[in-house]
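Take a look at how helices pack in the structure shown here. Keep the sequence at hand as you read.

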Amino acid sequence: MTMLNNLKPHERLDELHRNGYYIIQNPEKFCFGMDAVLLSGFARVKKRERVLDLGTGTGIIPILLEAKTEGEHFTGLEIQEESADMARRSVKLNHLEERIDIVTGDIKDASGLFGASSFDVITTNPPYMIGSHGLSSDSQAKAVARHELLCTLGDVLAESARLLKPKGRFYMVHRPFRLAEIMFKMVQCGIEPKRMQLVYPFVDKEPNMVLIEGLRGGNSRLKVEKPLIVYREKDVYTDEIYDIYGY
């Protein structure tokens, strides 16, 4: 593993269990979570489609989608240069330079960077918390990833509507407590909610994630998929989760 020599202080190399791929992460900054992996399993990417991941962090979603789908090209947009640099080095480590581009930039400027109607699919795992609500003394990188400090849900949806081709698909993982706001703002921006799945940590607990698919310019019809249960028992995933992770 020649890239081991290029790791910066506090960085580590994690195996993704897909195509022999690895990802570079710094646990002192921010590491991807289950939400990103579940989004990569929920999103549908077809042959010859071009995909943009908004707020890509260290590039986990483009790398997983490249491994799992037949999409033509994947782009990750990330505002924090340190995370974008890790993403670029992971792309190079996995020899994916011709398949994945990592761009440093602001989600609010995305349609200016890439042009309107330029992607078939958009994915995003945006900050869940509104403003500084619940903000702790975590690192700036973690704060930006978790809280709407640099962009809001409205920003993500408005830019996605501009970036998607007509009938292009939008995929997002978020928190159920904001579901009414999510649905309202999607419709407001011209992205019609088409498919939804709630994620439950255990079968007898409340859902803590929601996966949503939207269609730019779609008709009003929403399919609610069966619940996704994460754990069969403590520390034991359900078969569905093992399948998504590729174990």
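Two helix pairs follow, along with the surroundings of one helix.

This is a predicted model, in which local features need pLDDT of at least 70, side-chain atom pairs count only at pLDDT 80 or more, and totals for chains, interfaces and linings use all residues. Residues are numbered from 1 along each chain as its sequence is written, and side-chain values use heavy atoms, leaving out hydrogens and water.

Two packed helices are described by the angle between their axes and the distance between the axes. Axes here are lines fitted to C-alpha atoms, for helices over the stretch in contact, with angles from 0 to 180 degrees between N-to-C directions. Helices are DSSP runs (H or I, at least four residues), numbered from the N terminus.

Start with H1 (residues 34–42) and H2 (residues 60–68). Their axes lie 9 Å apart, at an angle of about 35°. Ala36, Val37, Leu39, Ser40 and Gly41 of H1 make the contact (heavy atoms within 4.5 Å). From H2 come Ile60, Ile61, Leu64, Leu65 and Lys68. The residues of this contact divide into 7 nonpolar, 2 polar and 1 charged.

How many residues of H1 are buried (under 20% relative accessible area, 1.4 Å probe, protein chains only)? The count is 8 of 9, so H1 is largely enclosed by the rest of the structure. Among them are Met34, Asp35 and Phe42.

Now find H6 (residues 153–163) and H7 (residues 179–188). Their axes come within 10 Å and cross at roughly 30°. Leu153, Gly154 and Leu157 of H6 meet Glu181, Ile182, Lys185 and Met186 of H7. By class, this contact has 4 nonpolar, 1 polar and 2 charged residues.

Conventions: Helices (H or I, at least four residues) and strands (E, at least two) are DSSP runs, numbered from the N terminus. Ala, Val, Leu, Ile, Met, Phe, Trp, Tyr, Cys and Pro count as nonpolar, Asp, Glu, Lys and Arg as charged, and the others, Gly among them, as polar. Buried means under 20% relative accessible area, exposed over 50%, partly exposed in between (1.4 Å probe, protein chains only).
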